[in-house]
Amino acid sequence: MQLPALRTLALLALPVLAAAIPENLGIEVTQEASCSRKTQKGDKIDVHYRGTLQSDGTEFDASYNRGTPLTFTIGGGMVINGWDEGLLDMCPGEKRKLTIPPELGYGDRGVGPIPGGATLVFDTELVNIHGVEKEEL
């Protein structure tokens, strides 16, 4: 009798999981790539990016300018929430344009050249998933 109850709980949890990805996060794939193992929470990844303000297009940061991608653990709270969600299920070589509202970015406080309440646009490129072998194209 416990089995049907567990099935019911599992089915009730599905809408909650689907709702976990914020609807106001804009994700546009600008260059597709295929792979059998996509990014998932807990992966250490290397990402190149260019960040601009949606309001006027001002660039505030870019890893391309430094020649080195940013390395971090996805889902570990090391970056803004818009990145932790927007870079999931991605293949190396894939490029995405993320449009991140303030509540998934820096909120009302702002940071450095980013004013409070800013919507951010990031052009991102997944370079590598650490510990996952690159597949032949």
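## The nonpolar core

In this predicted model, the largest nonpolar core takes in 23 residues, and the members that touch the most others are I45, F72, W83, L87, I100, L120 and F122. Three strands each put at least two residues into this core: β2 (44-53), β5 (95-100) and β6 (120-129). As a bit of background, nonpolar side chains tend to be buried together in soluble globular proteins.

I100 is a good place to zoom in. Setting aside neighbours within four places in sequence, I100 is in contact with L25, I80, G82, W83, G105, A118, T119, L120 and F122. W83, L120 and F122, which turn up among those contacts, are also on the list of core members that touch the most others.

## A threonine in β6

Now for T124, which sits in strand β6. Is T124 buried or exposed? With a relative accessibility of 2%, T124 counts as buried, because the cut-off for that label is under 20%.

What does T124 touch, once neighbours within four places in sequence are left aside? The contacts are V47, H48, Y49, W83, L87, M90, E94, K95, R96 and L98. W83 and L87, two of these contacts, also belong to the core members with the most partners.

## The chain as a whole

Stepping back, the protein chain has 3 helices and 6 strands. Read from the N terminus, the order is α-β-β-β-α-β-α-β-β.

As for burial, 34% of the chain's 137 residues count as buried. The chain exposes about 8,400 Å², with carbon and sulfur atoms supplying 53% of that area. Contacts also reach along the sequence: take the ones between residues at least 6 apart, and 64% of them join residues at least 24 apart.

## The second largest pocket

There's a pocket to look at too. The second largest one holds about 240 Å³ of space. Its lining counts 16 residues, of which Y49, D61, W83, Y106 and F122 are the closest to the centre. Two elements give two or more residues to that lining, namely β3 (59-62) and β4 (70-73). β4 has the largest share, with 3 residues.

What is the lining made of? It divides into 13 nonpolar residues, 2 polar and 1 charged.

Some familiar names come back here. W83 and F122 are among the residues closest to the pocket centre, and both are in contact with I100. Y49, another of those closest to the centre, is in contact with T124.

Methods. Residues numbered from 1 in each chain as written. Predicted model: local features only at pLDDT ≥ 70, side-chain atom pairs only at ≥ 80, totals over all residues. Heavy atoms only, no water. Core = buried A, V, L, I, M, F, W, Y, C linked by side-chain atoms within 4.5 Å. Buried < 20%, exposed > 50% of the residue type's maximum accessible area, 1.4 Å probe, protein only. Helix = DSSP H or I, 4+ residues; strand = E, 2+ residues; numbered from the N terminus. Contact = heavy atoms within 4.5 Å. Areas by Shrake-Rupley, 256 points an atom, 1.4 Å probe, with all protein chains shown as cover. 1 Å grid on protein atoms, 1.4 Å probe; cavity = no way out; pocket = protein on both sides within 12 Å on 5 of 7 lines; lining within 4 Å. Points joined across faces, edges and corners; volume = space filled by probe spheres on them. Nonpolar A, V, L, I, M, F, W, Y, C, P; charged D, E, K, R; others polar.
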